[in-house]
Amino acid sequence: MGRYALKRILNAIPLLIVISFLIFMFIHMIPGDPARQIAGQDATKADVEVVRDQLGLNDPLLVQYGKYMKGLFTGDLGYSVKNGQTVVQTIAPRFKPTIMLGLCAAVWAVIIGVLLGVVSAVMQGRTVDYIAMIIAISGISLPGFWLGLELIQLFSVGLGWFPTGGLGSWKAYVLPSLTLGAGIMAILARFTRSSMLETMREDYVRTARAKGLGEFLVVMRHAFKNSLIDIVTVGGLQIGGLLGGSVMVETVFSIPGLGRLLVDSINFRDYKVVQALLLFFALGYIIINLIVDLLYGVINPKVRYS
Amino acid sequence: MAERLLDVKNLRTEFQRDKSWVTAVNEVSFHIDRGEIVGLVGESGCGKSVTSLSVMRLLPPKTSRISEGKVLFHGKDILKDNKKEMKKIRGREISMIFQEPMNSLNPCMRISKQIIEAILLHNDISKGEAHRRAFDVLKSVGIPDPEMTLNSYPHQLSGGMCQRVMIAMAMSCEPELLIADEPTTALDVTIQAQILELMEGIKEKRNTGILMITHDLGVVAEMCSRIIVMYAGRIVEEAPVKELFASPKHPYTQGLIESVPKLGSDVSSLPFIPGSVPDLASMPKGCKFAPRCKYAMDICRQKEPDLTPVYGSGNRRCRCVLHDGDKGDKKEEVKV
Amino acid sequence: MSDKDKTTSVDRFDEAEALPTQKSRRKEFVQKFMKRKTAVISLIFIVLLLLAAIFGSYMAPYDVDQADYNNLLQGPSAQHIWGTDEFGRDIFSRLLVGTRLSLASALSATIAGTVLGIVLGLIAGYYGGWIDSLIMRACDVLFSFPDILLAIAIVAVLGPGITNVIIAVAVFTVPSFARIIRGATITVKESLYVEVARSIGCKNWRILWVHVFPGTVQSVIVNFTMRVGTAILAASSLSFLGFGANVTQPDWGAMLSQGRNYLNTAPHIVLFPGILIFVTVLAFNLLGDGLRDTLDPRMN
């Protein structure tokens, strides 16, 4: 187990380095002149030079990279062009909404998704199974932004049950987390079902029945426990995908989170902020994957005791 | 007179395939008494596993059904039992062990937990007491360090150890009948011998009846007192072990025994039974073995022979026109 | 076995019939596929969409840019089945013609990503060594981002526009195919029969063609179908965020994005493009599922 964990962690480090480099190169990969784009078409050459200086684009590449990496560790990520504050100050308040929303979505999506999957597998072929799978496949086919808009239309505007946006009260979390979690719930339902169908066919399930164990315990204690190993892995990966979904949901529901900041910053050409955000998203995703990998190593006895 | 444990009468099990039902076993009747090891032999697909799973009622509920017959355990038809009663029988009165011991144990559960689960299902005792019993039963199957094994996961044990654990688990509630479905097929030859010895010991000590299902004639010759031969879902011959090997009556049995290479014999090519087992959905009319039988006659292809006592022998049965005891029609003795 | 009597009801065992021929396998596949009604319906729908993409502009009742200032933001009616937008343009016509843009971008992105992924996978699996490591590391990097974020990042660099959306979607499609093909290539490379083939003088490329592809065709086809669905979602999401198609173009996502401003007064502008995207992606997913189940050798 120790070896497994070490290998995973060591693998993650070069990955992070490569990604930080790529994100660093981000500004330099933009076709055209980023400084000009920020300064605007009408800016004078002098203005553009000021911007260029601000972005540190006049230094040689290596120096820029050095400053960038140093900045990552000291917390100096530059300044936001849009509001003049430091990038850190701009980003910091956005964390809480995104994370809160992500948590809400994750909790309901995982519980409902896994439940639906187990029930479908046990009742394979019956009506419950068909309905659950229709829900699931719809969940992965729905455009998130459309779902959000229609939910607003129906429940906020139409019925007035929930606010149309922002994060005022707990009510404000309902529709966005439904929207955000829909895709995850669907994928988990489908995966849980197929995993359960497989494990229920295994020999050890037959042994459990031959011992005289009741069907419920056979399913839960033997089949589900084994499926759980893989469900956790897939679920974990999906939760990482919440980061991507947050972009859409925060835009639709006007939530002041990281996702929306990303979109706004791109539109505003606030490159430093974009860089920092991309870095955080990648970091978050890699860390979540790492945690999932390690968790897998703990849950799966074949890895833990090898 | 030994006590009769299991009495299967006219068992018929069907499977659903593409919206129609095909018969997997038909007219299967046999019995097992206390303290005897009965062998059930046949090729893959002949229905021996299906028979045993039917007795335990472990077949998939939606795609299979037992459409005829009785399974009497101590005189009571367990096919009529409800789920609750059946759960009491499984593991406690009748236990079963399977072919791939490594796959038959839950990979993410410690051995102790799995055995204790079996014990607690049928015994109202404390967990500590159950743990002690698990320890004892592992010891009784010859495992050198029971405590370490109890703490292990299946993947940490060898195939032979796993099968010992399976046997221990199966015997933990002291069942009267043990069904062993190809218990040694997946194991090395040396381990095979150990496991078979273990099972013989169980029969001796506890007077357990054992149904030994296998395709290996060597195994049945060693262990069993009586052998039942199956083909295409039907019993084609049944005889005490010595008599079966000395003078097999059914052409299929003859073919089986012939195709086992014997040490010291000088053969240029191994004999085999030409053709293959018929598909369940397209069984021939008449005797199912007729297409491959060298003695097949017109009557064989028209009507399936009944399983009748062999002429001149009380405790043998054979499903073949050549040896139909009732008719007393002895066809010329065919030299094997 | 008796030669005399030919009236047995069992056919003699015929070696030649034991192995299924190419033709019979295809037939079996079609038969099996036809049994799955959802997959068949999806296929029909997709074919209709393709027809709409090709002939849409001839079949549309109204011109795509035809503005009708007397009928702004009108709900569904006899004249305009799906209503009009803020310029009085017929939504049905725009969606119909827009099929070409939306499908073409999704399909081209997926095809590009698939081809590139297959090539990279082949190279990585076949040559091994540092090339393999490099390509796999690159895939790892791509996998380190959730799809949409990667696409947004790429579009952020390259700028908005349909072409860049296609590039972005193609890029995040590459890794999954690269992995599949690389795995298959390595398995084949290490298997015995390739040793045999090589020893009798088969050229490497031929070996790959004959041995790698048959095994992977199934996964590739299924993955491809599902990926088209993902591509449509991604492309429309990007358009919705303003990074994709120009708002004047009749792109499904862009139309939805514009419609957002009129959600209260004219909900149909959001509804119909949304339903269309949903049903299209659903069709591709159902088709993918159907193909996977039909091709799965275990499903018998």
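**Reading a predicted three-chain complex**

Tutor: Let us start inside chain B, where eight residues of domain 1 are in contact with seven residues of domain 2, two residues being in contact if their C-beta atoms, placed from the backbone, lie within 7 Å. On the side of domain 1 of chain B that touches domain 2 of chain B, strand 2 of chain B gives the largest share, three residues. By class, this side of domain 1 of chain B holds four nonpolar, one polar and three charged residues. Here Ala, Val, Leu, Ile, Met, Phe, Trp, Tyr, Cys and Pro count as nonpolar, Asp, Glu, Lys and Arg as charged, and the others, Gly among them, as polar.

Student: How should I read the numbering, and what kind of model is this?

Tutor: Residues are numbered from 1 along each chain as its sequence is written, while chains are lettered from A, and ligands numbered from 1, in the order in which they are written. This is a predicted model, in which local features need pLDDT of at least 70 and side-chain atom pairs count only at pLDDT 80 or more, whereas totals for chains, interfaces and linings use all residues.

Student: Where do the two domains of chain B lie along the chain, and what distance separates their centres?

Tutor: Domain bounds come from an automatic or database domain assignment, which for chain B gives domain 1 as residues 4-224 and domain 2 as residues 248-323. Taken over C-alpha atoms, the centres of these two domains of chain B are 29 Å apart.

Student: How many helices and strands does chain B have, and how does its radius of gyration fit its length?

Tutor: Helices (H or I, at least four residues) and strands (E, at least two) are DSSP runs, numbered from the N terminus, and chain B has eleven helices and twelve strands. The radius of gyration is taken over C-alpha atoms, and the globule rule is 2.2 Å times the number of residues to the power 0.38. For 336 residues the rule puts a compact globule near 20 Å, and the 21 Å of chain B agrees with that. Along the principal axes, the C-alpha atoms of chain B fill a box of roughly 65 × 50 × 45 Å.

Student: How do I read the order of strands in a sheet of chain B?

Tutor: Strands of a sheet pair through backbone hydrogen bonds, either parallel or antiparallel; two strands count as paired if DSSP finds at least two bridges between them. Chain B has an open sheet of four strands in the order 2-1-4-5, with antiparallel pairing. Strand 2 (20-33) and strand 5 (76-77) of chain B stand at the edges, each with a single partner strand, so one side of each has no neighbour in the sheet. Strand 4 (residues 64-73) of chain B pairs with strand 5 of chain B in the antiparallel sense over two bridges, and B:Leu72 stands opposite B:Asp77 in strand 5.

Student: Is strand 9 of chain B buried or exposed, and which strands does it pair with?

Tutor: A residue is buried if 20 or more other C-beta atoms lie within 10 Å of its own, exposed if 12 or fewer, and partly exposed in between, with C-beta atoms placed from the backbone. In strand 9 (residues 226-231) of chain B, six of the six residues are buried, so the strand is largely enclosed by the rest of the structure. Its two faces are both covered, with B:Arg226, B:Ile228 and B:Met230 buried on one side and B:Ile227, B:Val229 and B:Tyr231 buried on the other. Strand 9 of chain B runs parallel to strand 3 (residues 37-41) of chain B, joined by four bridges, and antiparallel to strand 10 (residues 234-240) of chain B, joined by six bridges. B:Arg226 is the bridge partner of B:Val38 and also of B:Pro240 in strand 10. The hairpin of strands 9 and 10 of chain B has two residues between the strands, and there B:Ala232 takes a positive phi near 50°.

Student: How many residues of chain A are in contact with chain C?

Tutor: In that interface, 37 residues of chain A are in contact with 35 residues of chain C. Helix 10 of chain A gives the largest share of the chain A side, seven residues, and the residues of this side divide into 28 nonpolar, eight polar and one charged. Chain A itself comes to 13 helices and zero strands, and 45% of its 306 residues are buried.

Student: Where is confidence lowest in chain C?

Tutor: Where pLDDT is low, the predicted coordinates should not be read in detail; pLDDT is the predictor's confidence in each residue, from 0 to 100. Chain C has a mean pLDDT of 80, and 86% of its residues reach 70 or more. The lowest confidence in chain C falls in helix 1 (residues 15-18), at a mean of 47, and the highest in helix 11 (residues 268-295), at 90. Over residues 1-17 of chain C the pLDDT is below 50, and this stretch has 16 contacts in the model beyond near neighbours in sequence. For the complex, the predictor gives an ipTM of 0.85 and a pTM of 0.85.
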